[in-house]
Structure formats: C-alpha cells, structure tokens
Protein chains: 2
Amino acid sequence: MTGGLEWAVTTDGQAVTLRQVAAQAGVSRQTVSNVLNAPERVDPATRLKVRAAIESLGYQPSRTARSLATRQAGLIGYCLARHPGRSLFTDPFLHALTEAIEATGRRLLVFTAPEGAEGLATYADLIAQRAVDAFILSDTVDGDPRHGWLASRGVPFASFGRTWPEQGEQPGRWVDVDGAGACAELVRGLHSAGHDRIAFLGWRDPVPVGAAKDRQRGWRDECRRLGLPEQAAYADSDSMEGAAHAAATLLDAAQPPTAIVAAGDLLAVGVISEVRRRELRPGHDIWVTGFDDSLLATSVEGGLTTVRQPAAEITATLVRLLDAGPGRSGVLLDGRIVSRSSAPLDL
Amino acid sequence: MTGGLEWAVTTDGQAVTLRQVAAQAGVSRQTVSNVLNAPERVDPATRLKVRAAIESLGYQPSRTARSLATRQAGLIGYCLARHPGRSLFTDPFLHALTEAIEATGRRLLVFTAPEGAEGLATYADLIAQRAVDAFILSDTVDGDPRHGWLASRGVPFASFGRTWPEQGEQPGRWVDVDGAGACAELVRGLHSAGHDRIAFLGWRDPVPVGAAKDRQRGWRDECRRLGLPEQAAYADSDSMEGAAHAAATLLDAAQPPTAIVAAGDLLAVGVISEVRRRELRPGHDIWVTGFDDSLLATSVEGGLTTVRQPAAEITATLVRLLDAGPGRSGVLLDGRIVSRSSAPLDL
C-alpha cells in the first residue's frame, strides 16, 4: 500500500521522492508514509515537520488522484437530525462518531435532508456523485425507509437505532442502546430502595422516536413484574415547563408516586423544578431520574441520576458494522446508570 | 459548464448520453444537468426519477473524476468544538452551516483536532490530502493560531468569531455577533423598566471564549454610562448549580440587584432556580436574562428573556466571505433580544 502512494511529483522538472521528504524532515520513510496514509498515528509536531518538508519540496500526493484509482471517496456520509437541539445526545454523538471514523483513516461528510421518503433523493445524489462510500444513519423512525432503500442498492451503511416496530426484519446492521433494559433497571433499583409507586414521565404523541416508547416499555414491564401500579404522565412539549405540568398531575393524585422515571434529562429537570416548587426535596421526598447523562445532569444542584449512552462504544461499533459487509445484525448495548443525589441509588 | 459534464459512460459498449437520460426520465436535459450539478434546485421526486434513469442506463458522471479536472474537492472543512455540549449554540450553528454550504452546491466535511497550535497538523493533513478546498473556523480563542497560519498559506477560510484581543489585526475575514452591543441593549432595557441595580453573572476564569468577555464588556460599559453600580459574580462551572451559587452571593448582598444579566442560557436557568428557591418571582422580584435562545430558553416556566444569535444570517455571511477571496474584513451582526416572562422587556 505504501508503494502505491510514492507518487513522484515533479517540481521544476525534478522528480521528488518520498525518500527526499524523509531526509529533509529528518524522519524515516515509514513516518512520511504514515503522515500520508494514516496521519492520526503520527504525533502533531512530527506531522507538521513532514508537511513542511512536503510543501517545500513540492511533493504532493493527491487524495483526489488516489481516490480515482481506488474508486473510494474515503468519506462516510451522515445526515444531521432535522430538529437541532431535539436531543441533547446529538452533539456528543457526532463528536464521537467523527473521531471513530477518523481512527480508520476516513472522514465524515455531514449533510441535511428532508425527513422520510423525500430525503432519499439526497442520499441518491450523494451516491451518484460518489461523494461518499457509505452512510451512518441515526434518528431512525418507525418503518424508516432509508434502511431498505440503501440495502436494496448495495450501499454500505450502519444504523444507530432500530426501525421499530419490525426490528426483527430490519435491513442491514444496527447498534442501539437498550433503553428498555436501563429503565427496567431503574425501576428495580428504586423498588429495592423502598419505592412502590414509581411513575413514568414521557412525551405526548407524536412521540419523537421509537426510543421513547422503548424506555416506557422497560418501565411498564418491570412495574408489572413487580406488581407495582402503572402511573404515567406526558409532557405536551419537550421542555422543562411541559414536564413540570405533567409532574404536577402525578403529584396531585390521591396516591402520588414517590419516584418519577423521566424519559429524558430535560424532562427530569422540569420534574425537579416542580418538586422544589412544592417544597419537596428531590432525592428525599421524591426521587427523580433522567436519560442521556447530558450537560443538564451535572448542571442541577446535587446532580441528576440518569442513564449514560456509551458514545464511544456506540460509534466504534458503528464503524465495525460498516465494514462488516452485507447482512443483517444488531448489537444492543447497555446504558449505564449514573447515580447522583436526585435518586441516590445503591448500584 | 453543463457541456463539460455530459460524460458519455458506456454500458455494454454503448455510449449513454444525457439526452437519453432526459428522455427516459421524461424531463428536460436542463433538469438532468441540474440534478447532476445543483440537485438542491430540483424537487426530491424529480431527482429520484432522474437518478433512477441514470442508474438503469448506467450513466454515471463521477464527482471524483470531475474534481480531478477542476482540482476542487467541493468540500469545506469544519472542526467540531473540542468540548461537545459546552455551547448550546453548537448544534443549531452546525445545522445552519451545513445548509448554507449545500445551497452553494458544496458539502461540509467535519473533523476533530487538538486545540491550539497542535491542531494545525490536522489542518495541514486536510490541505495536503486536498480533502477540502477551504475551512470554516469557529470557537475562536484569544490569539487563535489558525487564522494567521491559513492566511500565510493562501488557504481560503472564514471565521465565525474574532481572535481577541487583536481583532483589528485579525487575518482573513470574519463574522461575529455583537455580544457587547446586545448586553448593553439589555442593560438599557432593564434600566428603562426601572432597574438601577443590574448585576452580571459570568463564568470564572479560565473564561471559555472571548465572547464571554465581550458580553461582560457590553454590560459594564453601559452600566458606567448610566452611572449604575457594577455588581458581578462568576460561576465556578458552566452549570445551573454553579450559577445558582454565584447568584446567591449577589442576592445576599446588602444592596442586592433587582436584575441579573447572565452570560449564557444555562447560567440564567441556574439563576432562576436560586431566585425561586428564595420564593422570589423571576420577572417580578428579580429579572433574569440569558444568551443564545437555546432550547433551555423556551423550556423554563414562562420562558427566558435572552439574545438570539441569527444562525442563518451568520452562516450565509460565512459562505459569502469564504468566496470573497483573500483580504481582511469583519461583519458584526446584531443579536436579537427575545423578551419572555423572566424579564418582560418592552422592546
């Protein structure tokens, strides 16, 4: 592979070799080759030194020329979520994904597209332009059209998220976090701590994603298994205010819950504000949990007990699945419960 | 330009022309050309139809081949902020930037890099690999090394943000939001509403970015101009809890402020929680303002008065500056004050 990249680019009629670059930079030829092919393996100072030698000698292997030879763009496409800010996990996920792709010597191209079947035209553009070699999908929805469309065209992809409800039939390869399992674990932990009225607080339909239903299912199944009542309320909007109003209906009940499992951190922070407004103490009078371990979780006083999505593991798995070739498979990762003072669970 | 793209790709020995693709898809040749060169101008349904015709006929103009001819990657590079979640504006900014770049027929490549001079090696890699044609910079810091480094190499770039403190000498072209102006306007509005003890609540050093100092400067200068006392407190961390503690020191003063201008929305939400904890009413007893108009601003009860950064205008300006050629220039955009119940300003 190294040999193929020793392009002798001429400057003023003189052929410049990789050996000359190495000599000028005072490094080995392998190091120059690494800078060209896998720069992430070379420390920044050495990279800058080698780049300076390449520049001064006029030795410039072109990625464009190389990609024409291999028919690979070296780029992975990723569609940004349509509603920025909808999930507080978007930002850490994108950062981890970019690093995971870069670790394999490729780069990430981000794009926007309409939701649903209309968005397929953008995927078709990128494929036809050979702008990317493969796609990472996220923000999957029930019956997501992208998976079947890409699979039928033989375009490599990996999906963060399932295409509920037909996950058994889901085309391609996916990784997801076991939201149901994490919420069941929260219920078990709260029950062990003495709670027997554990309510769920989610989003009112239209639910943004299948993930929300999955979390609720985990809570509900575990409550049934333990013989606990199923109290639930739904926020009209993904906001603290919406969650506070929904929490108020729970706390006004004749038999109010002593713990509230919220489907997301923002909702949980809204629940905490309502609990405090009633001069009740979160983590004492009412235990509250969230989901995502976002910046909000460490932002509220004493911290929010929540479920951390393992961003590095998710994105490393995505990259592995991307290169696994055609087929169907799924990887379900555990969310990790992080206990803080809003619900001091003994984990 | 259209002519140059009528690549006749052969399938089974037969030359396929753009005319045949147009006939098969039942559209004009111009429409096929638009799908190839400026797909964003063609509606998704037509694009899918044309793509299907291209696929079935085996007509595939390659972006890679085209980019070799023009020596342009058609990609703009953008480094993701090192600390995801640090700013709640990151996510809407990236979305708007991607759309603005796409509107010009180019795509956005995102990458990660170490902070400071070490990160230049990654920029050097991308330039040497001809992976991108230009860069968009953001998260600028005092004396940011990237601007001078890129300018000295003749690499096109545009910066969202100034390289304080030497902004007059800043290499290249930049756009920024006038944080000082917006905070001064907040002080004037609060003063008109009858407040004469208007405190500032910022982040303790090391201040994350020059933008934070800029906002404080606007508040301070306007307080001085109006002859108001300068009360300020600083959060130890970018968290609601840190802000609540800092707000407590302000509210415990012999002459507590009646209004608090916070440097960011997350800080403002922390201030509100402390105000509520003291059974004071935000927007009545204590007026509170934030900065960013993030998802938090519409999330707290009654809403947070804050400063909206005009994402679409910022990113459209960045793209314009990117194509303006070498030179130095700056564009300072106004932030727009959005009045909600935490500080019911009469704008």
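## A:His195 and the interface of chains A and B

A polar contact of 2.6 Å joins the side chains of A:His195 and A:Thr258, a polar contact being a pair of N or O atoms within 3.5 Å in which, within protein, one must be able to donate a hydrogen and the other to accept it, and residues adjacent in sequence count only if both atoms are side-chain atoms. This is a predicted model, in which local features need pLDDT of at least 70 and side-chain atom pairs count only at pLDDT 80 or more, whereas totals for chains, interfaces and linings use all residues. Residues are numbered from 1 along each chain as its sequence is written, and side-chain values use heavy atoms, with hydrogens and water left out.

A:His195 counts as buried because its relative accessibility is 6%, where buried means under 20% relative accessible area (1.4 Å probe, protein chains only). Leaving aside neighbours within four places in sequence, A:His195 is in contact (heavy atoms within 4.5 Å) with residues including A:Leu190 and A:Trp287.

Turning to the interface, the table gives its totals.

| Item, chain B and chain A | Value |
|---|---|
| Buried area (accessible area, 1.4 Å probe, lost on being put together, summed over both) | about 5700 Å² |
| Residues from chain B | 65 residues |
| Residues from chain A | 65 residues |
| Salt bridges | 4 salt bridges |
| Polar contacts (both at pLDDT 80 or more) | 16 residue pairs |

Of the buried area, 58% is on carbon and sulfur atoms. B:Arg47 forms a salt bridge with A:Asp125, with the closest N and O atoms 2.9 Å apart; the term requires a side-chain nitrogen of Lys or Arg within 4 Å of a carboxyl oxygen of Asp or Glu.

Notes. Chains are lettered from A and ligands numbered from 1 in the order in which they are written. Buried means under 20% relative accessible area, exposed over 50%, partly exposed in between (1.4 Å probe, protein chains only). Buried area is the accessible area (1.4 Å probe) that two parts lose on being put together, summed over both.
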